[in-house]
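I opened my notebook to write down what I looked up in this model, entry by entry. I begin with the sheet, then turn to the helices and end with two single residues.

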Amino acid sequence: MTTGNGLHIDVTPAEEPQLREGLDELASHYEGVLRLLGEDPQREGLLKTPMRVAKAMQTLTRGYQEDAHEVLRQALFKEDYSQMVIVKDIDFFSLCEHHMLPFYGKAHVAYIPNGYITGLSKIARVVDIYSHRLQVQERMTLQIKEAIQQTLHPLGVMVVVEARHMCMQMRGVEKQNSITTTSDFSGAFNQAKTRQEFMNLIHNNH
């Protein structure tokens, strides 16, 4: 593309995520939804909308096709390290299963190894997998914790998720500034001192 000052920028289209079976059927349902909302799916601005939405929804729910446990096992390393490992400020976007509106925020994950560690990016991938499903924040927090606990068998795991929910911001009580925080933990994090150390570390410099 060429900008207003004549500068040419080479724009390479982003790789389209792998789509699943049922895409055409899903698009036809969205065409029906448009009609039920009082719109004309045949007008110019909406002609491609059902297929665009169908592709978007398959992308936003791609986590159903992925196994978080397998992702962790792909980068499992034996290591004699038994201090807290923290991956904080993991951005995520998910869809509330009650209204199919987005909720989004940050996840903070810690575990204490018990002979094995995993690649740090794999922790973020676990968050990505569970957030790309129809969710409630409480369940997502639990699933992230359990995937790490069951695969790495660490001395303990703790997960904290902080999120804003569009179902609260756009409808219902319409509270734009509220943040929902959930947490779950196991093992060594049952000790209040260890949990507090984790909370202090994730909120340092925030």
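Before counting any pairing, I noted that two strands pair if DSSP finds at least two bridges between them. Helices (H or I, at least four residues) and strands (E, at least two) are DSSP runs, numbered from the N terminus. I also wrote down that this is a predicted model, in which local features need pLDDT of at least 70, side-chain atom pairs count only at pLDDT 80 or more, and totals for chains, interfaces and linings use all residues. Residues are numbered from 1 along each chain as its sequence is written, and side-chain values use heavy atoms, with hydrogens and water left out.

**Entry 1: the sheet**

I looked up the strand order first, and found 5 strands in an open sheet that reads 5-2-3-6-7, with mixed pairing. Its edge strands are strand 5 (134-135) and strand 7 (180-187), each of which pairs on one side only.

Going through the sheet, I saw that strand 2 (residues 85-96) and strand 5 are parallel, with 2 bridges, and that Cys 96 has Gln 135 of strand 5 as its bridge partner. Strand 2 is also joined to strand 3, in the antiparallel sense, by 9 bridges, and here Ile 90 is partnered with Ala 107 of strand 3. These two strands form a hairpin with 5 residues between them, and Met 100 in the turn has a positive phi of about 55°.

Strand 3 pairs with strand 6 (residues 156-165) through 10 bridges, again antiparallel, and I noted Ala 163 in strand 6 as the bridge partner of Gly 105. Strand 6 and strand 7 run antiparallel and are joined by 8 bridges, where Val 159 is partnered with Asp 184 of strand 7.

**Entry 2: what lies on the sheet**

Helix 4 (residues 120-131) packs on the sheet and touches strand 2, strand 3 and strand 5, and its direction makes about 20° with that of strand 2. For contact I used heavy atoms within 4.5 Å; axes are lines fitted to C-alpha atoms, for helices over the stretch in contact, and angles run from 0 to 180 degrees between N-to-C directions. Helix 7 (residues 192-203) lies across strand 2, strand 3, strand 6 and strand 7, at about 45° to strand 6.

Is strand 3 largely enclosed, or open to the outside? I found that 8 of the 11 residues of strand 3 (residues 102-112) are buried, so this strand is largely enclosed by the rest of the structure. Buried means under 20% relative accessible area, exposed over 50%, and partly exposed in between (1.4 Å probe, protein chains only).

**Entry 3: two helix pairs**

Helix 1 (residues 23-36) and helix 2 (residues 49-60) have axes 8 Å apart and pack at an angle of about 120°, and they are therefore oblique to each other. The cut-offs are under 35 degrees for roughly parallel, over 145 for roughly antiparallel, 65 to 115 for roughly perpendicular, and oblique for the rest. Among the residues that meet are Leu 26, Tyr 30 and Leu 34 in helix 1, and Met 51, Val 53 and Met 57 in helix 2.

The axes of helix 4 and helix 5 (residues 137-152) come within 10 Å and cross at roughly 140°, which makes helix 4 oblique to helix 5. The residues making this contact include Ile 123, Val 127 and Tyr 130 of helix 4, with Met 140, Ile 144 and Ile 148 of helix 5.

**Entry 4: two residues**

Which residues does Thr 194 touch, not counting residues up to four places away in sequence? I listed Met 84, Ile 112, Ala 188 and Phe 189. Thr 194 lies in helix 7 and is buried, with a relative accessible area of 12%.

Tyr 104 lies in strand 3, and at 28% relative accessibility Tyr 104 counts as partly exposed. Not counting residues up to four places away in sequence, Tyr 104 touches Phe 92, Phe 93, Glu 162, Ala 163, Arg 164, Met 166 and Gln 169. Tyr 104 and Glu 162 are 58 residues apart in sequence, and their C-alpha atoms are 8.1 Å apart in space.
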